[in-house]
Amino acid sequence: MSERLTCDVVVVGAGMVGAACALYAARAGLDVVVVDRGPVGGGTTGAGEGNLLVSDKEPGPELELALLSRRLWAELADELGPAIEYEAKGGLVVAGTPEALSALHAFAAAQRAAGVTAAPVGEGELPSLEPYLAPGMAGGVHYPEDAQVMPALAAAHLLRASGARLRTGHTVTAVLRAPDGAVRGVRTDRGDIRAPAVVNAAGTWGADVAALAGVTLPVLPRRGFVLVTEPLPRRVRHKVYAADYVADVASDTAGLRTSPVVEGTAAGPVLIGASRERVGFDRSFSLPAVRALAAGAVRLFPFLSDVRVLRAYQGFRPYLPDHLPAIGPDARVPGLLHACGHEGAGIGLATGTGQLIARVLTGETPGPRLDPFRPDRFTEEAA
């Protein structure tokens, strides 16, 4: 039986970003409905590692958003306790050569000037932070502000804390528009949801939701794999990755790129990433990708050569051409807001994104400047 709901704002997408938008909008006094064609965290969120990172972001608008988000995540961790499995483990970025270390130190110095805590670590100090790290590294940088959550759990708890009405298994088929073009809600396969504002938090499928409103947003899927080992005693203390990971994140190539990212978990398994390639929504298993991940992990932590990988999983990061998310109102459609395109940083940037969206919805000053994230910044040619 179809239903018809009325609310202040419809959030399309029940992943981490949608959950954060719902939470902060509800706390600002708005009546929120969240709709998703699948389950909570059923898209990119459920395929992520839950990283909350400042270490991989150069000074600029994304780093400003990351620092805001980090503060908000710490507040939520105090509020929600162990339910979201928040772990302030810190990050360690390592360099294998003096040249790479010099570049890493310059990158970290610029981050410190922007407010990031980044401490250089000499070659002789590395074993005190990571006793099982491969010998011979030139040095690294320690980022104590990096943290992690269990993404699917965190999204579910943020939605629960929001008190928003949740409609999973409801596919949005149209964005409803008034004669003057303004948003009037969404149509789903189970009925209409009327609202003067719609937030597109559909992640990798953000382009599809934008198209339903008659606008172009060039979100593309960027596939990545993660390896999960058998449970182990805690041997990897931080999120540890090679310095070239930052370059891979910023790369525009469609081909396969991998750089080792290794982290232990409270439950015991070690998580191994990171790969990136643009192959559409191809879900087929890639042996070259997982082999490269395994080899890179062993180069960082040789003990892993004797550890079994129990499974590999994949997901699609929502990629935009300039590597910045689309956040805020769409000038082309009054009442339409976007909160998508965060690529691999959506978990970490979700809280700041949610707060910014809530401030726009309630007419407050957003805080960090929104212009770099303007959804209509892309031309038709860029799409």
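The following exercises, each with a worked solution, concern a predicted model.

**Exercise 1. The sheet**

Determine in which order the strands of the open sheet are arranged, and which strands stand at its edges.

Solution. Begin with the arrangement: 8 strands form an open sheet in the order β6-β7-β5-β15-β16-β17-β14-β18. The pairing within this sheet is mixed. Next, consider the two ends of the order: β6 (119-122) and β18 (309-319) each have a single partner strand, so one side of each is left without a neighbour in the sheet. These two strands therefore stand at the edges. Finally, consider the twist: on average, neighbouring strands of the sheet are turned by 25° against each other, direction ignored.

**Exercise 2. One strand pair**

State in which sense β16 and β17 pair, parallel or antiparallel, and identify the bridge partner of T258.

Solution. Strand β16 covers residues 257-264 and strand β17 covers residues 270-276. The two pair in the antiparallel sense, over 6 bridges. As for T258, its bridge partner in β17 is S275.

**Exercise 3. Helices on the sheet**

Establish which strands helix α3 touches and which strands helix α8 lies across.

Solution. Helix α3 (residues 98-113) packs on the sheet and touches β5 (91-95), β6 and β7 (139-143). The direction of α3 makes about 25° with that of β7. Helix α8 (residues 287-300) lies across β5, β14 (220-229), β15 (239-242), β16, β17 and β18. Relative to β16, helix α8 runs at about 55°.

**Exercise 4. A residue of helix α3**

Decide whether A108 is buried or exposed, and list its contacts beyond its neighbours within four places in sequence.

Solution. First, locate the residue: A108 lies in helix α3. Its relative accessibility is 1%, and buried means under 20%, so A108 counts as buried. Leaving aside neighbours within four places in sequence, A108 is in contact with A118, V141 and Y143. By contrast, G214 stands 106 residues from A108 along the chain, and the C-alpha atoms of the two are separated by 42 Å.

**Exercise 5. A helix pair**

Describe how α1 and α5 pack, and classify the residues of their contact.

Solution. Two packed helices are described by the angle between their axes and the distance between the axes. Helix α1 (residues 16-27) and helix α5 (residues 151-162) pack at about 20°, with their axes 8 Å apart. Angles under 35 degrees count as roughly parallel, so α1 is roughly parallel to α5. Their crossing is left-handed. Residues making the contact include M16, L23 and R27 of α1, and P151, L158 and S162 of α5. The contact residues divide into 12 nonpolar, 1 polar and 1 charged.

Notes: Residues numbered from 1 in each chain as written. Predicted model: local features only at pLDDT ≥ 70, side-chain atom pairs only at ≥ 80, totals over all residues. Heavy atoms only, no water. Pairing = 2+ DSSP bridges. Helix = DSSP H or I, 4+ residues; strand = E, 2+ residues; numbered from the N terminus. Axes fitted to C-alpha atoms, helices over the stretch in contact; angles between N-to-C directions. Contact = heavy atoms within 4.5 Å. Parallel < 35°, antiparallel > 145°, perpendicular 65-115°, else oblique. Left-handed = near helix turned anticlockwise from the far one by under 90°. Nonpolar A, V, L, I, M, F, W, Y, C, P; charged D, E, K, R; others polar. Buried < 20%, exposed > 50% of the residue type's maximum accessible area, 1.4 Å probe, protein only.
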